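Hi there,

Here is the structure I promised to pass on to you. Have a look at it first, and then read on for my notes.

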Amino acid sequence: MIGFRPAIATLACLAAVAASWAIAAELDEIQSRGELVWAADQEGGGPHVFPDPSDPRRLVGFEVEFAELLAGELGVKARFQQGQWDRLPLLLDQTADCVINGIELTPERRRDYGCSRPYFGYALQMVGRRAAPPAMLADLAEAGPAGAWRVGVLTGSAAEIEMRARAARGEAQVEVIGYDGTLDSMEQVQSGVLDAAVLDDCIVTFYADRFAALRNVDRPFAGGLYTVLTSHRTPKLAAAIDGAIGRLIADGRLKKLYDRWDLAGRQQMLMLRDAAEIPVARGRTLGELVRQTLPLLLSSAGMTVLLSCAAFPLAVAAGLAVAVGRLHGPAWLRPLLTGYVEVLRGTPLMLQLYAIFFLLPKIGLALPALVAAIIGLALNYSAYESEIYRAGLKAVPLGQFEAALSLGLTKWQALRHVLVPQAVRIVMPPVTSDFIALFKDTSVCSAITVIELTKRYSVLALSTGRIVELAVVTAVLYLCMSWPLAVLSRWFESRLDRPAGGGQ
Amino acid sequence: MIEIDSLTKRRAGKPVLDGVSLRGAEAGVTVLVGASGSGKSTLLRCMNGLEIFEGGTITIAGHRLAAGGQSIAALDDLRRDVGMVFQQFNLFPHLSVLDNVMLAPRVVAKVPVEEARCRAVDLLDRVGLSAFVAARPATLSGGQQQRVAIARALAMRPRVMLFDEPTSALDPTMTSEVLDVILDLAKAGQTMVVVTHDHGFAKRAATWVVELAAGRIVRQGTAAAMLG
């Protein structure tokens, strides 16, 4: 028994420290600390929260000012916490006390989080290119000139849910494409990749000048309300926030704020006054959760497999070609190939995918997202594979090359029949390991709208609030895919009976 | 068949071969002897273009090698007519014994598959390894591997065979099984140049013996005259 109690005490202390340190604070703690930590994504842009164009170190936006008013009502200062928009609610389990960033009030959110009374009303607005179809919302009911309309939305936003629901009900012939950045979809409409985008109306109005080639299609539709999100563990904070919003509405400070931002303050106040009560969604059993999410997760796992199985053979072929070129190619080619490897290895995959998907359309080369993702992964991994193959080729003893040459084989025949087959066997283990790495790296492709398993998990975890359960299901799916791969590659290796060296 | 005139080769500024001239190895078996570092292996490797030399010329099986290296096409041509067997065998470990022997006829001489296979099986029979056609090189003894290497070089029907210390990596039993194969070839009239330390072999097989020391030819003559 000796030593057991101290262990428990230590654990308890650790747990207490972890709890006080990591989890959203309750009202009294916030007040003693003097700071309300609010989370938002400045990448989301205006008019919500964005870096001041004249001083990018400073954040501005109507929500920045709203957060300051709110904190003031609680008698503390507001402190901003950056997060990725579709994962902001997860920060409530970390360091943020609340989330203020255009979070729509829904029955699911009311079940999973503390939701304040609404502080802003919005509607959805569709935008398209000037003089290009669709001309009205109703046009979406029939397929466009090139088949289903391609419509961009912010991933996880009300616009995505609304457009997918319309597509599922057969009311709109649309392919809904989710983007991580608010303005990405408008950019893609402008460059002709998309037919239309659907966003919150306040965003469209705010950026109307920047996207002068775009126009509003039809009137705003399908509105909703923004709420301040808190954790269920901080009911006193939630109540205090509700009280504060009530006072800001009653004394006209909120209306003034919205008027300053050109957000039709009077109309906003009427919308907030007349808003109907949003119901609380019913909880789901684990069985229901799995039944509802598994088909989606499985189809996204299929995308993960497709991406890796299409990209990796290309990466291996290109990598081998680059390695052979660097070791045996003409002198002028070698520095070029070295540059190729260093550039692709030295810049992030995410940036390369952005360049292929968002920059190429600007010079008239618009690739479908899936193609861009496969090319991006293949290019990036070809740099790593080429280094592995270079090492493999160098590991084949010189005597092999000499023996091949002495038999009359040309250099390229010697490479093709003698050196490369041996190098391939030598590098089998690291190449297999890279395949598994690529397999997991496919998750980066969500940045260019390709929804694979990780992205699907994060969207589902957010919309259902069942973060842990879905993480387990997702991890199991990944293992189900990578385990057989590892077994297969070990079998393959043993079959090739890798040579020990120079053929003695 | 082989004529060497004033061959000079340096490595890191020092002469490895210093004005080597060789004549009279018309046909039959020329044996190169000499201490380690005397330049005999380098001389052999110059004969099929694995080494570039700075001065002199080599004429072998009708091909002329000039100082400073040859065109790739000229080397590819030369090597079809000049086969080589290495001290370390250098069999291709990823191919079966049969495929080792078939590779060059298939890829270089474009011999049809069936004909290449017949030729390879015949050669492996000739070196006493017809039972091992499907084996991987790594499963064979050193002597067996070297006999496969000889069959592999013979498969291109070279006019000249070069042997670079073919038995140095082998124990006495394996040595004699390899030497028997080389002696059979000599009896059949194959022109060859052999670098060796083995005087017994030189006595039995050589028609002409050349002794090198410090990159120069110090003596040459018939086996009887040179080795007593």
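Let me begin with the sheet. In this predicted model, chain A has an open sheet of five strands, running in the order β4-β1-β5-β12-β6 with mixed pairing. Its edges are β4 (77–82) and β6 (114–115) of chain A, each of which pairs on one side only.

Further in, you can follow one pairing residue by residue. Strand β5 of chain A (residues 98–99) and strand β12 of chain A (residues 229–230) run antiparallel to each other and are joined over two bridges. If you want a spot to zoom in on, try Val99(A), which stands opposite Leu229(A) in β12(A).

Now to the aromatic rings. Searching the whole structure turns up 18 aromatic pairs over all chains. One of them is formed by Phe206(A) and Tyr207(A), which meet edge-to-face, with 5.0 Å from centre to centre and 85° between the planes. How exposed are these two residues to the surroundings? Phe206(A) has a relative accessible area of 34%, so it counts as partly exposed. Tyr207(A) has a value of 8%, and because buried means under 20%, Tyr207(A) is buried.

Chain A also holds an aromatic cluster: Phe62(A), Phe66(A), Tyr119(A), Phe120(A), Tyr122(A), Tyr226(A) and Tyr258(A) form it together.

Finally, a stop in chain B. There, the ring of Phe92(B) has the charged end of Arg152(B) sitting over it, 4.4 Å from the ring centre.

Happy browsing, and do write back with any questions!

Best wishes

Key: Residues are numbered from 1 along each chain as its sequence is written. Chains are lettered from A and ligands numbered from 1 in the order in which they are written. This is a predicted model: local features need pLDDT of at least 70, side-chain atom pairs count only at pLDDT 80 or more; totals for chains, interfaces and linings use all residues. Side-chain values use heavy atoms; hydrogens and water are left out. Two strands pair if DSSP finds at least two bridges between them. Helices (H or I, at least four residues) and strands (E, at least two) are DSSP runs, numbered from the N terminus. Rings of Phe, Tyr and Trp (its six-membered ring) pair if their centres lie within 6.5 Å; planes under 30 degrees apart count as stacked, over 60 as edge-to-face and the rest as tilted. Buried means under 20% relative accessible area, exposed over 50%, partly exposed in between (1.4 Å probe, protein chains only). A charge sits over a ring if NZ of Lys or CZ of Arg is within 6 Å of the ring centre and within 35 degrees of the ring normal.
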